[in-house]
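Please work through the exercises below with the sequence and the model side by side, trying each task before reading its solution.

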Amino acid sequence: MVDMADFADKFEDPRWKRKRDDLLSRRNYECEDCGELHRDAQVHICYYTKGRKLWEYPDRAYKCYCPRHRIMRQRVEDDLKEILADFSIDELDSLHLALKEFAAIRNGRRERVMEQLYADAKAERSKHDFIYEDEEDEY
Ligand SMILES: [Zn+2]
């Protein structure tokens with residue numbers, strides 16, 4: 001059984017506070033959903049693994065949200081868990097495989113978008129280099 005007082009205490013641990021402050025600062029207090037800056041931005045931990053400390057998760061397990069989107073995220077995750085409660089292990093296994101394929105496709109798309117952005121930025125930069133070279137020639 002989960003002791004909620006004990007769970008709340010873990011958020012008082014200085015190692016968690018350091019991790020949380022570091023994440024917020026690295027992500028510039030920007031909500032990952034609405035993109036707005038929030039002085040009261042919060043770190044959401046997307047999942048918990050038994051035996052792992054709050055500050056020991058990989059970076060992708062943490063999301064930075066404004067208070068409103070942090071609550072929305074939590075509601076969706078809670079709702080998903082409620083829906084999953086009705087699934088058998090076989091059904092969960094099928095869903096798990098489907099989700100892994102979906103994630104792979106999504107990550108592949110994201111990678112291609114990032115490669116294109118990088119190529120565009122590089123092309124834009126070389127265009128400017130070319131302009132600067134032209135300007136230098138005029139002097
Ligand atoms: Zn937001």
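The exercises go from the overall chain to single residues.

This is a predicted model, in which local features need pLDDT of at least 70 and side-chain atom pairs count only at pLDDT 80 or more, while totals for chains, interfaces and linings use all residues. Residues are numbered from 1 along each chain as its sequence is written.

**Exercise 1.** Determine which elements the protein chain contains and how they are ordered from the N terminus on.

Solution. Helices (H or I, at least four residues) and strands (E, at least two) are taken as DSSP runs, numbered from the N terminus. On that basis the protein chain has four helices and two strands, and their order from the N terminus on is α-α-β-β-α-α. Turning to contacts (C-beta atoms, placed from the backbone, within 7 Å), 51% of those between residues at least 6 apart in sequence join residues at least 24 apart.

**Exercise 2.** Compare the span of helix α2 with its expected span, and examine the residues N28 and Y29.

Solution. The expected span is 1.5 Å times one less than the number of residues. Helix α2, residues 14–26, has 13 residues and reaches 18 Å from its first C-alpha to its last, which is close to the 18 Å expected. After α2 comes N28, which lies in the loop between α2 and β1 (42–45) and has a positive phi of about 55 degrees although it is not a glycine. Y29, in the loop between α2 and β1, likewise has a positive phi near 55 degrees without being a glycine.

**Exercise 3.** Classify N28, Y29 and L54 by burial, and identify what L54 touches.

Solution. A residue is buried if 20 or more other C-beta atoms, placed from the backbone, lie within 10 Å of its own, exposed if 12 or fewer, and partly exposed in between. N28 is exposed because it has 9 such atoms within 10 Å, whereas Y29, with 16, is partly exposed. L54, in the loop between β1 and β2 (62–65), has 18 C-beta neighbours inside 10 Å and is therefore partly exposed. Not counting residues up to four places away in sequence, L54 touches K10, F11, W16 and I45.

**Exercise 4.** Find the residues of the largest nonpolar core, and list the contacts of Y65.

Solution. Such a core is a set of buried Ala, Val, Leu, Ile, Met, Phe, Trp, Tyr and Cys residues joined through C-beta atoms within 7 Å. The largest has five residues, C31, A41, C64, Y65 and C66. Leaving aside neighbours within four places in sequence, Y65 is in contact with C31, E32, D33, A41, Q42, H44, R70 and R73. Buried residues make up 6% of the 139 residues in the protein chain.

Terms used
Two residues are in contact if their C-beta atoms, placed from the backbone, lie within 7 Å.
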